[in-house]
Each structure stands twice: as structure tokens, then as C-alpha cells.
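Q: I am new to reading protein models and would like some help. Please pick one residue, look closely at its surroundings, and then show me how that spot fits into the whole chain.

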Amino acid sequence: MRPLEYDAERVGILGAGPFGVALGSMLAGGGRPVTIWSTTASVVDSINRDRTCDRLPGHKIPAGLEAVGDLDELVSKARFLVLAVSSESACDRLQLLGRVADTSHIAVHAIGALAPEGDRRISQLIAEETPILRSGVVAGPSMAADIAAGRSTSLVCASEFDEVTRESRRLLSIPSKMRLYRSQDVVGAELASALSGAYTIAVGLADGLEVGIGIRAVLVTRAISEMTLLGTALGGTAKTFSGLAGLGNLLVRSSVEHGHISPSYRLGLDLVKGQAECEGEGMRAAIAGLRLARSRNLSLPILETVVSIGAGEVSAREAALSIFETVTEEE
């Protein structure tokens with residue numbers, strides 16, 4: 001076990017993407033010491049020297065946030081770790097973390113997707129790839145730009161360990177900026193967060209086709225119904241999918257606020273125009289979710305349509321209009 005030399009008040013963030021930098025900036029601005037790790041030397045230098053990061057343009061990073069390129073340095077300084085990387089790189093990053101972390105560390109992840117390898121949840125990867133025993137997930141209606149700008153938001157922290165939710169609320173909550181709620185439904189929170197990105201694509205399709213606010217509302221309710229069907233079949237709790245990690249996430253991701261738009265929503269809009277590359281966290285979550293649904297003989301028409309469009313099997317316009325007609329008939 002690593003000697004207790006780290007700062008119990010410090011938050012360590014793995015990943016200097018938009019969310020990691022935004023979260024670290026908000027915490028540092030609230031007086032919390034933060035260390036963020038990146039594999040890109042130019043990002044580390046830019047944060048430490050210029051107090052900027054090109055992954056979050058126009059944002060000035062507070063002095064309380066430091067960047068490091070050495071993962072061992074990060075885990076030596078911080079006991080509480082936040083994993084904020086893409087699902088594609090999660091396994092690789094966790095393997096690196098497994099070489100330097102120990103059982104004294106606590107980890108939560110903020111990855112709203114499933115791991116591409118075997119459709120595993122990220123908490124399962126943490127258990128498989130690292131010696132960390134206590135982990136959880138943070139999820140909810142938050143955009144990196146809003147967090148960086150200091151706008152108030154709320155997240156849910158789900159873990160089977162009371163210490164994880166307690167430390168998450170203590171270290172990540174900032175009065176009037178960030179509020180965390182507790183949950184024990186790790187499976188539900190992870191699946192709701194991942195699937196909300198997939199269904200955001202469907203809402204983008206609806207808005208791109210200008211189907212109207214009424215059908216849009218029906219689509220959202222049917223999306224939550226599909227999410228809940230799959231999530232409960234996999235061990236989640238139904239109410240989680242209508243909460244912050246599910247419905248809350250979907251509503252925020254499928255809106256345009258202060259000029260910012262989520263990648264999944266933009267993908268849906270662009271698919272209608274035939275201008276999109278079908279990639280990103282939302283599409284990966286849709287593909288993984290559909291595989292899981294088929295393994296349990298579940299019918300999820302909206303998710304099936306999103307994946308079919310992404311695979312180029314059907315026209316976005318024709319398939320989307322067809323599915324919107326179906327969901328309104330079901331209601």
C-alpha cells in the first residue's frame with residue numbers, strides 16, 4: 001500500500017479533455033487543490049504556463065489547478081481520483097493506473113459510455129484493471145462549457161460504498177456551483193448516462209427533421225421507456241433512468257444553450273443532412289446498447305433505428321420519420 005503522503009483534500013483528475021478541465025477549474029476556483037494528468041506534454045505545459053487549454057477554448061484556468069504528465073505523481077498527490085477520459089481510451093488508461101495506484105485510492109468515473117471492448121461498464125473495468133477496491137460513477141445533466149463558466153449544476157454519485165459517495169460529496173461539491181446526490185444504483189447510473197447519449201442522437205434527428213415539439217416530447221418519453229427496459233434487465237433500478245443520469249442527461253445533451261451543443265445532438269442533426277461521420281460516444285453507446293438488448297431478446301425500436309442509420313443501412317430521413325410514426329402510434 002502506498003504511504004499516506006498524499007493530500008486528502010486534493011482531487012486528482014485523469015484526462016485533460018473538456019469535462020476534466022472544466023471540473024478541475026470549477027473545483028480549483030472554489031478553493032479545492034486539483035491535479036490533472038494528461039499524456040500530451042503540450043497540454044500540460046499550456047495549463048501550467050499559460051493557464052489555458054485548447055480543449056476548452058477561451059477559458060482561463062485558475063491557479064489552484066496544476067497539470068502533470070506523470071501518472072505516478074498524480075496518484076502520489078491525490079487519494080481521490082476522477083477518471084474523465086473517452087470510452088475508447090478508458091481500458092488503456094486504467095491499465096496504466098493499475099500499475100501505480102493501490103487499494104488505498106478511491107476512484108469515480110465520469111465517462112458517459114460503455115467500454116467498446118465487450119460492452120463492459122466502466123466500473124467493471126476499474127475492478128478488472130486496477131487494485132482500487134472502492135469506486136463509483138458521477139453522472140447527470142452537465143456540459144463542460146457550463147461547468148467552466150460557473151453555472152450551477154447537479155450530479156448524482158452512485159456507488160455501493162458509502163465512503164465513495166461521502167468523499168465525492170465532500171470533495172466535488174462547491175456551494176452554489178455543484179451539488180451531488182447519492183445513489184447505490186451503480187448499474188443504473190452507468191447505463192443511464194451511456195444510453196442518454198445514444199438517445200440524444202435520436203432527438204437530434206427529430207429536430208433536424210423539424211417534426212415538432214409534440215412528437216419530440218413523445219420521442220423523449222419513449223426513449224426513457226426503452227432505456228428503463230434495458231437498464232432494469234441488466235440490474236439497474238427503474239427510477240434512475242427518469243432521474244439526473246437518464247432523463248436529466250438527455251434533456252441537457254439535446255439542447256443548445258449559450259451557443260454550446262453536445263456532440264451526440266449535433267450528430268443527429270448532421271445525419272439528417274447526410275453530413276455526418278457516424279462516430280463518437282453516443283453512437284458507440286447505441287451500438288453497445290443494442291448488442292446488450294439483443295442478447296436479452298429485447299426490442300428497442302429507437303435504438304435500432306439510430307444504429308441502422310449510423311451503419312448506413314437506411315436513409316436517416318426515411319428511417320427517422322418511420323420511427324417517429326411508430327412511437328406516436330404506440331402512445
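**A close look at Val164 and its surroundings**

A: Let's begin with how the chain meets itself: among contacts between residues at least 6 apart in sequence, 73% join residues at least 24 apart. A contact here means heavy atoms within 4.5 Å. Before we zoom in, remember that this is a predicted model, in which local features need pLDDT of at least 70 and side-chain atom pairs count only at pLDDT 80 or more, while totals for chains, interfaces and linings use all residues. Residues are numbered from 1 along each chain as its sequence is written, and side-chain values use heavy atoms, with hydrogens and water left out.

Our chosen residue is Val164, which you will find in helix H7, residues 162-172. Helices (H or I, at least four residues) and strands (E, at least two) are DSSP runs, numbered from the N terminus. Is Val164 buried or exposed? Val164 counts as buried because its relative accessibility is 0%. The cut-offs are these: buried means under 20% relative accessible area, exposed means over 50%, and partly exposed lies in between, using a 1.4 Å probe and protein chains only.

Which residues does Val164 touch? Setting aside residues up to four places away in sequence, Val164 touches Phe80, Ile106, Val108, Arg134, Ser135, Gly136, Cys157 and Ser159. Two of these partners deserve a visit. Ser135 sits in strand S6, residues 134-139, and is buried because its relative accessible area is 13%. Beyond residues up to four places away in sequence, Ser135 touches Ala107, Ser123, Ile126, Ser159, Phe161 and, back at our starting point, Val164. The other partner, Cys157, counts as buried because its relative accessibility is 0%. Cys91 counts as buried too, at 11% relative accessibility. A disulfide is a covalent bond between the sulfur atoms of two cysteines. Here the rule asks for a pair of cysteine sulfur atoms within 2.5 Å, and by this rule the count comes to zero disulfides.

How does sequence distance compare with distance in space? Val164 and Glu226 are 62 residues apart along the chain, and their C-alpha atoms are separated by 30 Å. Now take Ala28 and Ile174, which are 146 residues apart in sequence and 9.9 Å apart in space, C-alpha to C-alpha. Ala28 belongs to helix H1, residues 18-29, and is buried, with a relative accessible area of 11%. Apart from neighbours within four places in sequence, Ala28 is in contact with Val34, Pro62, Gly64 and Leu65.

Val187 offers another example. Val187 lies in helix H8, residues 186-209, and counts as buried at 17% relative accessibility. Between Val187 and Thr232 there are 8.9 Å in space, C-alpha to C-alpha, although the two are 45 residues apart in sequence. Leaving out residues up to four places away in sequence, Val187 touches Arg121, Leu234, Gly235 and Gly236.

For contrast, follow the chain into a loop. Glu210 has its place between H8 and helix H9, 213-233, and is exposed because its relative accessible area is 70%. Phi of Glu210 is near 55 degrees, a positive value in a residue other than glycine. Asn297 also has a phi near 55 degrees. Asn297 is in the loop between helix H13, 281-295, and helix H14, 301-310, and is exposed at 73% relative accessible area.

Finally, step back to see the whole chain. Its secondary structure comes to 15 helices and eight strands, and buried residues make up 56% of its 331 residues. The radius of gyration, taken over C-alpha atoms, is compared with a globule rule of 2.2 Å times the number of residues to the power 0.38. With 331 residues, a compact globule would come near 20 Å, and the chain's 19 Å agrees. The C-alpha atoms fill a box of roughly 60 × 40 × 35 Å along the principal axes.

The chain exposes about 13600 Å², of which carbon and sulfur atoms supply 49%. Accessible areas come from the Shrake-Rupley method with a 1.4 Å probe, and for residues only the protein chains shown count as cover.
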